[in-house]
Amino acid sequence: MVDVVKEHMLSILKKGKRSDARGFEDFREIKIEYNISKSAEGSAKVSIGDTEVIAGVKLELTEPFPDTPDEGGIMINVELRPMSSPDFELGPPSHEAIELSRVVDRAIREGHALDFKKLCLKKGESCWMVIIDIYPVNDAGNLFDAAGLAAMAALQETKFPKIEENNVVNYKESSGKKLPLKAMPLCCTVVKIGDYFIVDPDNEEEKEVDAKLVVGILEDGNLCSMQKTGEMGLDANELEKMVDLAIKKTKELRKVLSK
Amino acid sequence: MVNVTKRIDGRKQDELRPMEAKVGIIKRANGSAMFKIGNTIAIAAVYGPRELYPGFLQHPTKGILRCEYNMMAFSGSGDRVKPGGSRRAKEISLVTQRALLPVLDLSAYAGAVIDVFIELVQTDAGTRCAGITAAAMALADAGIPMKDLITAVSVGKAGGKLVTDLNYLEDSEEGGVDLPLAMSTRTGQVTLLQMDGILSKEELKELLALGKKASEKIKEVQVKALLDKFSGKE
C-alpha cells in the first residue's frame, strides 16, 4: 500500500524544503517566559513554534535516601494531559509519557545539572527534593526538546523558600537563594525521514518519522544521555551525523536560555 | 583504586561474560528462548500471531508487536522488586518493542498481534539487552519472518575504560557510562540505543565499534541455540 502522506512529505524534503518552508536544520521560533506560576518555587513556559510546554519546580524538605545520606535529589514527571492533543487520553500515564519523563530526567540527572550534595542540609536527616513537573499545553511536535528546555529554564529561576523554626518550610517567603546549578544539559532531537535528517519536527513530520535520536548535551559538547526511538534502525554513520547535528543545534538553544 | 589493567571480574575490556542460550524452553508458547549472560538470566515467550482484541487496536495491513518486560520479584540483587510493573519496566517494554520491530515482516498478519513476554529470573545488569537477545531467538523459534536476528549488549565506561557488557558493579559505578545497544549485525542497523553518563563524541564512536564486535559473538550463540533445536539434536 502506498502511503500518500509520506510520499508527499518526501517529495517536499527532496526539494530541500519542509512543509512550513523551514530548512532541515531550522528550529521554529523559541520563546521562554519565566515565572508563570507564583505558587511554584520556579517556573517557565517554553514555546517552540506552536508547541507550548509549562514546567514548575516545587521544593520539598525531606529525609535523604538511605544510600545517599548526604545528598538531595530530583524527580521529573511529564504529564501528557488530554488538553494538549487529541492523541492524549485520560488515565494512567502511557508508555510514551513515561519515556518522555525518563529521557528528560536522564539528561538532567546524568548531566549533573544540580549539585546534589549542596541540597543536603543535615546528613541523614534533611535534604531538599527538587520536583519538576512538566505539562505540555499544546503539542505541536518536538515535546522532548521543549520539555528539556522548560525544565532547565524553570530550574534556573528556582529559589529556595524560607525555613522557619523546627524545619518548617515557609513557602510564602523566598530565601532569595538560587538552586545550586552546576551544568546545563539540554535535549536535542534529530529525526530521520526517508534519507533526510531534520531537527524540531512538527506534528505532521513526527507521524512520518522513521527513526529519532534524542541527545542530552552539555556546554562543552559532551553527551550525557541518548535515546533512540522510531520504528527503523540507524547505522553508525547515521548516528554520528545525528549526534553532530544535535551538538550544533544545542548551541543555539543555549543562547535562548541565557537571554 | 580501580585496577587499570583488568576489570572487577578479571575480564578484558572487550570481553563478554560467559553466555548460554536455549531455544524452545516453554512448550505452551509458539516460540521461546532463554539467554544467560554472566549472572543475568532472561527467558522470553512468543504467543501469536493471534487475533487482536479489542478490534480498534488492530492494524488493517500488518500485524502488531507487543512486548512486555518484567523482573521477577526475587530477581533483584537487593530489595524485593515490587510486582505489578514500574515506570522503568514500561519504558524498557517500549524500547524492546522498537528494538525488535525493524527486522520483522508482519505484513502477512493484518488484524493480528504477536505478544512477546520477557521475564528476568536472575539479574546482574544488562537485563534489557539479555531480554531482547532472548526475545529475538523466541521470535525466530515461533517462525515469524525475520530479516535478521537482533542481538543486544550493553557497552559503556567503567574504571575509566571503555568496556563491553557491564556487570552490576560496573554499571552502578559513580561517573560510569551505560549504553545499551541492540543491532542487526547483518545490516549494521542499530535498533536500540540508550545512554546515561558523560561521554565524548569520539568515545561514542569507539563504543559503537565495541558493541558491533560483541554483537557478532552473541549472534553466534543465538544461531547455535536455534540450530541445536531445529537440527534435531535435542
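**Exercise 1. Find which strands of chain B helix H2 lies across, and give its angle to E2(B).**

Solution. Keep in mind that this is a predicted model.

- Step 1: pick out helix H2 of chain B, residues 127-141.
- Step 2: look at what sits against it. H2(B) lies across E1, E2, E3, E4 and strand E5 (112-122) of chain B.
- Step 3: compare directions. H2(B) runs at about 150° to E2(B).

**Exercise 2. Work out the strand order of the open sheet in chain B, and say which strands stand at the edges.**

Solution.

- Step 1: walk across the sheet. Its five strands come in the order E1-E2-E3-E5-E4, and the pairing is mixed.
- Step 2: look for strands with a single partner. Those are strand E1 (19-23) and E4 of chain B, so each has one side left without a neighbour in the sheet.
- Step 3: check the twist, which averages 15° from one strand to the next.
- Step 4: zoom in on one pair. E1(B) and strand E2 (residues 31-37) of chain B are antiparallel, with five bridges between them. In this pair, Glu20(B) stands opposite Lys36(B) of E2(B).

As background, strands in a sheet pair through backbone hydrogen bonds, in either a parallel or an antiparallel way.

**Exercise 3. Describe helix H4 of chain B: which strands does it lie across, and what span should its 30 residues have?**

Solution.

- Step 1: place the helix. H4(B), residues 201-230, lies across E1 and E2 of chain B and makes an angle of about 35° with E1(B).
- Step 2: do the length check. At 1.5 Å a residue, the 30 residues should span 44 Å. The end C-alpha atoms of H4(B) are 43 Å apart, which agrees.
- Step 3: list what is tucked away. The buried residues of H4(B) include Leu204(B), Leu207(B), Leu208(B) and Leu210(B), but also Lys219(B) and Gln222(B).
- Step 4: step off the end. Just after H4(B) comes Gly232(B), with a positive phi of about 80°.

**Exercise 4. Run the length check on helix H1 of chain B, then decide whether the helix is mostly covered or not.**

Solution.

- Step 1: H1(B) covers residues 87-100, which is 14 residues. At 1.5 Å a residue they should span 20 Å, and the end C-alpha atoms are indeed 20 Å apart.
- Step 2: count the buried positions. They number 11 of the 14, so H1(B) is mostly covered.
- Step 3: read the names. Among the buried residues are Ala89(B), Ile92(B), Val95(B) and Leu100(B), along with Lys90(B), Glu91(B) and Arg98(B).

**Exercise 5. Locate two cis peptide bonds in chain B.**

Solution.

- Step 1: go to Gly48(B) and Pro49(B), whose peptide bond is cis with omega about 5°. Pro49(B) belongs to strand E3 (residues 40-51) of chain B.
- Step 2: move on to Tyr53(B) and Pro54(B), also joined by a cis peptide bond, here with omega about -5°. Pro54(B) is in the loop between E3 and strand E4 (64-71) of chain B.

**Exercise 6. Asn167(A) and Asp200(A) have positive phi values; is each one buried or exposed?**

Solution.

- Step 1: Asn167(A) has phi near 60° and sits in the loop between strand E7 (159-163) and strand E8 (169-178) of chain A.
- Step 2: count its surroundings. There are 11 other C-beta atoms within 10 Å, and exposed means 12 or fewer, so Asn167(A) is exposed.
- Step 3: Asp200(A) has phi of about 50° and lies in the loop between strand E10 (196-199) and helix H4 (203-207) of chain A.
- Step 4: count again. Asp200(A) has 26 other C-beta atoms within 10 Å, and buried means 20 or more, so Asp200(A) is buried.

**Exercise 7. Map the side of chain A that touches chain B.**

Solution.

- Step 1: tally the contacts. 24 residues of chain A are in contact with 27 residues of chain B.
- Step 2: assign them to elements. Helix H2 (95-110), strand E12 (223-229) and helix H5 (236-258) of chain A give two or more residues each. The largest share, seven residues, comes from E12(A).
- Step 3: sort by class. This side of chain A has 10 nonpolar, six polar and eight charged residues.
- Step 4: follow the strand across. E12(A) is joined by four bridges to strand E9 (residues 189-199) of chain B, and the two run antiparallel. Met226(A) has Met195(B) as its bridge partner in E9(B).

Terms used. Residues are numbered from 1 along each chain as its sequence is written. Chains are lettered from A and ligands numbered from 1 in the order in which they are written. This is a predicted model: local features need pLDDT of at least 70, side-chain atom pairs count only at pLDDT 80 or more; totals for chains, interfaces and linings use all residues. Two residues are in contact if their C-beta atoms, placed from the backbone, lie within 7 Å. Ala, Val, Leu, Ile, Met, Phe, Trp, Tyr, Cys and Pro count as nonpolar, Asp, Glu, Lys and Arg as charged, and the others, Gly among them, as polar. Two strands pair if DSSP finds at least two bridges between them. The expected span of a helix is 1.5 Å times one less than its number of residues. Axes are lines fitted to C-alpha atoms, for helices over the stretch in contact, and angles run from 0 to 180 degrees between N-to-C directions.
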